Amino acid sequence: MRNAGRARVYVATKNVGKLREMEQLFGDAPFDLATFGKYEDPIEGDTSYADNAALKARALHAQLTRAGQPGNVLADDSGLEVYALDRRPGVLTAFYGGAELSWAERRTRLIAELEASPLGASDRRARFVCALHFIGADGREFATMGTVDGEIAPHERGELGFSFDPVFLYPPLGRTFAELSGEEKNRCSHRAIATAALLAALSLAGVPAEVHD
Ligand SMILES: O=P(O)(O)OP(=O)(O)OP(=O)(O)OC[C@H]1O[C@@H](n2cnc3c(O)ncnc32)[C@H](O)[C@@H]1O
């Protein structure tokens, strides 16, 4: 008898908010997401989400292989781009404002920086970007991207989500990402779009392989 197999995928992240979303986004797909306790994240570059996602995936892939535990890996590199700020903080979103600031302080700072900028009074457009990179246990690599357009809200709103979600207004619903349920965010987010593309690519490529019993 032939069955679609389930495969473990180690996620190269230290961001609990991302991991929680990925677990929901992978939903019924034939993968079990896991973390590797000894994952050491590499130093990321400052130019490309795709390069950083590949860097993180390859680092974890190598660490698992060294530990004698080879397997599938997945990494996400993402960020928030504000048009009036020349698309900053962009690839460097995780470091916005420096390590000593809380996320609430970073959100306040972003709104203030936007409003002090020459275009900030008339242009609040922003987008979230997500690059995913998957490496199969057989070494095959798959990369996808997703983006979602929105605006920087005048004040933060909502308690859900993480990081910049309370200041990211999603115009089609008139709410910030932090005012959307997990299910709602996972129907429209940058990560949802990149994940749907990845799951489609994996399915077309026959990953995970069918098992015979
Ligand atoms: O590298 P890992 O360990 O995965 O975690 P990280 O938080 O450092 O990840 P990134 O380098 O990809 O930084 C992405 C940043 O972009 C922001 N971000 C990405 N997706 C987001 C989302 O769905 N909601 C809110 N903020 C998001 C958030 O501030 C993240 O810290």
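This passage goes through the aromatic ring pairs of the structure and the charges that sit over rings.

The model is a predicted one, where local features need pLDDT of at least 70, side-chain atom pairs count only at pLDDT 80 or more, and totals for chains, interfaces and linings use all residues. Residues are numbered from 1 along each chain as its sequence is written, and side-chain values use heavy atoms, with hydrogens and water left out.

A search of the whole structure turns up 10 aromatic pairs (rings of Phe, Tyr and Trp, the last by its six-membered ring, with centres within 6.5 Å; planes under 30 degrees apart count as stacked, over 60 as edge-to-face and the rest as tilted). One of these involves Tyr96 and Phe164: the ring centres are 6.1 Å apart and the planes stand at 65°, so the pair is edge-to-face. Tyr96 lies in the loop between strand 5 (88-89) and helix 3 (103-116), while Phe164 is in the loop between strand 7 (141-152) and strand 8 (168-170), so the pair ties together parts that are 68 residues apart in sequence. Helices (H or I, at least four residues) and strands (E, at least two) are DSSP runs, numbered from the N terminus. Both Tyr96 and Phe164 are buried (under 20% relative accessible area, with exposed over 50% and partly exposed in between; 1.4 Å probe, protein chains only).

Phe134 and Phe142 also pair up: with centres 6.1 Å apart and planes at 70°, the pair is edge-to-face. Phe134 counts as buried at 0% relative accessibility, and Phe142 is buried at 14%. Ring pairs link Phe134 and Phe142 with Phe26 and Phe31 into a cluster.

Then there are the charges. The charged end of Arg106 sits over the ring of Trp103, 4.3 Å from its centre (NZ of Lys or CZ of Arg within 6 Å of the ring centre and within 35 degrees of the ring normal). Over the ring of Tyr83 sits the charged end of Arg125, 4.4 Å from the ring centre.
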